[in-house]
Amino acid sequence: MFASCADPSSLEGFGWLICYLTTGKHLGMYWSFLTVLVLLAVTAPTALLFGFGGAMAARSPILPVRLVGKGYTAMVRGIPDIVFFLFFVIVLDQSLEWTLHQIRCPEWTEPIRQGLEFRVCPQAKIPSGDAPQVYHQIYGFILAVITFSIVFGAFAANVLYGAMQAVPRAQLETAEAYGMSHRQVFRRILVPQMWVYALPGLSNLWMILIKATPLLFLLGVQDIVYWARELGGSKTTAYAYPHPDWRLYYFLFLLVFYLVMTRGSEIVLGRLSARLSQGQATMAGEAMRKATV
Amino acid sequence: MSCWQTIGDYAFRSIGIGERLLPRTDFTLCHQFTLIGSGLIWNLYFGVLALAVGFFLANAIAMAKAARNPWLRKPAEWFIFVFRGSPLFIQFFLAYEAFVLLPKAGFDVFGMTIHTSWMAKAWAGALFVLFLNTAAYSAEIFYGALRSIPKGDLEAADAYGLTGWNRFRRILWPTMLRLAWPAYTNEAIFLFHATTLVYFSGFPAFQQRGDSLYYAQYFADKTFNPFIPYPIVAVYFVCLTLLLIWVFGRVNRYLNRHLPANVRSRIRLRPQLIR
């Protein structure tokens, strides 16, 4: 990156370190931190949306819809999450390719499952076989986002369902007494008030989501864990920057990164919860009211 | 080959007893159930031992965090923060790399050699990480329970002239345990779920002796069909979860036996995903 880094073997001490930390591969690692942040930024709202849908379905007066909603929230409880992560990615991948196969190659006669193999026609491959590596990366990332959203959506649905139940019944009855329809009650009274009840659960979920991001590595995305293993492994003198096994230091750095992330979120969420409690008929809201009087 | 024969060959494959070669073709449902069930032995091993030993450390740390002396309180707070604030996945990686760096020949302490190579093996190293991790999570639960002991209980203890160790053993500790138990049940369940991470994180499986998820992934990779092995793992874990809820429910009943039926705390399953 810098001009002085042209000949790494002549460098020493601090200069060597600067050059070492700005190699192309290290820049790739810094980008992968961005991948993690993008994953968080995309997954959190999507999962919230899934959760909202799940909670609404679980409250629905129509029995089949209610069963789907309840089943969705109950699904993730007894089973280790990591099983879901491994399962969903393959299922999504195969079902997408299967659908495309049905559309694009209707005259294909060979069975898709040939014994131990899953084989679709070349036109149905996602991304197509000759696509550049970047597309494979992006496709893997999108699958990961969908998987994360489905699993975390189920947890969010649980939290939001509880929060909707926790809104005082009197509030809803008052709204009904004013002649609001079901839909109006839901939109104007229930949803604005439920957030204060949902916040503890949702912030817990956010922390868990942060701590789940290293699982990207298992899903085959080149994330920070991948780079830490790749770059930290011992490099012989065949490399420009030979060094012994430094994976310990790379993982220590990751540990610190996650600790900073969780601590920072804790502080922000604490402020948000104080903000939402203002003027609410809860213990925290009451304490705030007393403090100002 | 009958199913009984498969069970005989592979039921203890994960701990090195029985047939050494894993099946390579003709995977039957029986193979999958047997081998994944065999892997569950490791999940049980990690979960049970980490919980049993972690319980004591968790109590000690909870007490330290509640202590007034900052020399006790600060280290406890940091311990809990580090283990609860970072992913278990990273902790496994970090621990493995650290254990690998230990000198191969062991340390010489006063002429005695302490061997360290076994710490890099999953059965010891991963257990150690899980033990510290569950200790941190449980300590936070116990600390919370300790803080919510009713004031009246303490005043009653004072009125009876109970002090020091007696006050702790007869009043504080049982009440804390009773209040913490429902949350601790959840912690236990999710610790068992977390044991599936062991063979995915640094610690290599020795001679293909892995846990249930390790074998499930083996089958999924070989057959390109995730619809059978992963649901089998799921079934096993649902059964395990039900068993845990039953055992912990019995203990909960014992802890609450002096209370009238309507004020007893019930165990509710709360979602807590990855650590």
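1. pLDDT is the predictor's confidence in each residue, on a scale from 0 to 100. This is a predicted model, and chain A averages a pLDDT of 81, with 88% of its residues scoring at least 70. For chain B the mean is 84, and 89% of the residues reach 70 or more. The complex as a whole is given an ipTM of 0.80 and a pTM of 0.81 by the predictor.

2. Confidence within chain A varies by element. Strand β1 (residues 113–114) of chain A is where it is lowest, at a mean of 63. Helix α6 (residues 169–177) of chain A is where it is highest, at 90. Any reading of β1(A) should be set beside that mean of 63.

3. Secondary structure, chain A. The chain holds 10 helices and 2 strands. Their order from the N terminus is α-α-α-α-β-β-α-α-α-α-α-α. Of its 293 residues, 27% are buried. Taking contacts between residues at least 6 apart in sequence, 64% of those in chain A join residues at least 24 apart.

4. Secondary structure, chain B. Here there are 9 helices and 2 strands, arranged along the sequence as α-α-α-α-β-β-α-α-α-α-α. The buried fraction is 41% of 275 residues. With the separation in sequence again at least 6, 73% of the contacts in chain B join residues at least 24 apart.

5. Helix α5 of chain A. This helix covers residues 133–166, which is 34 residues. Its first and last C-alpha atoms are 49 Å apart, close to the 50 Å expected at 1.5 Å a residue. The helix nevertheless has a kink of about 25°, centred on Gly153(A).

6. The nonpolar core. The largest one has 123 residues, and those with the most contacts inside it are Ala156(A), Phe92(B) and Phe142(B). Helix α5(A) supplies the largest share of this core, 15 residues. What does Ala156(A) contact, leaving aside its neighbours within four places in sequence? The partners are Ala47(A), Leu48(A), Phe50(A), Gly51(A), Leu202(A) and Leu205(A).

7. Helix α3 of chain B. It runs over residues 70–85, 16 in number, and reaches 21 Å from first C-alpha to last, close to the expected 22 Å. Its buried residues are Ala76(B), Ile80(B), Phe83(B) and Gly85(B). An α-helix has 3.6 residues a turn, so residues three or four places apart point the same way. The buried residues of α3(B) pack against α9 (247–277) of chain A, together with α2 (29–66) and α5 (122–147) of chain B.

8. Helix α6 of chain B. Is this element buried or in the open? The helix spans residues 151–159, and the number buried among its 9 residues is 0, so it lies largely in the open. Just after α6(B), Gly161(B) takes a positive phi of about 80°.

9. Residues at the start of chain A. Glu12(A) sits in the segment before α1 of chain A and is exposed, because there are 8 other C-beta atoms within 10 Å and the cut-off for exposure is 12 or fewer. Its C-alpha lies 72 Å from that of His182(A), with their positions 170 residues apart in sequence. Leu17(A) belongs to helix α1 (residues 13–21) of chain A. Leu17(A) also counts as exposed, with 12 C-beta neighbours inside 10 Å. The C-alpha atoms of Leu17(A) and Tyr241(A) are separated by 9.5 Å, although these residues are 224 apart along the chain.

10. Tyr249(A) and Asn133(B). Tyr249(A) is part of helix α9 of chain A. It counts as partly exposed because it has 14 C-beta neighbours inside 10 Å. Tyr249(A) and Thr73(A) are 176 residues apart along the chain, and their C-alpha atoms are separated by 40 Å. Asn133(B) is located in helix α5 of chain B. With 22 C-beta neighbours inside 10 Å, Asn133(B) counts as buried. Asn133(B) and Pro87(B) are 46 residues apart in sequence and 9.9 Å apart in space, C-alpha to C-alpha.

Technical notes
Residues numbered from 1 in each chain as written. Chains lettered and ligands numbered in written order. Predicted model: local features only at pLDDT ≥ 70, side-chain atom pairs only at ≥ 80, totals over all residues. Helix = DSSP H or I, 4+ residues; strand = E, 2+ residues; numbered from the N terminus. Expected span 1.5 Å × (residues − 1). Bend = angle between axes of the 7 residues up to and from the residue. Buried ≥ 20, exposed ≤ 12 C-beta atoms within 10 Å, placed from the backbone. Contact = placed C-beta atoms within 7 Å. Core = buried A, V, L, I, M, F, W, Y, C linked by C-beta atoms within 7 Å.
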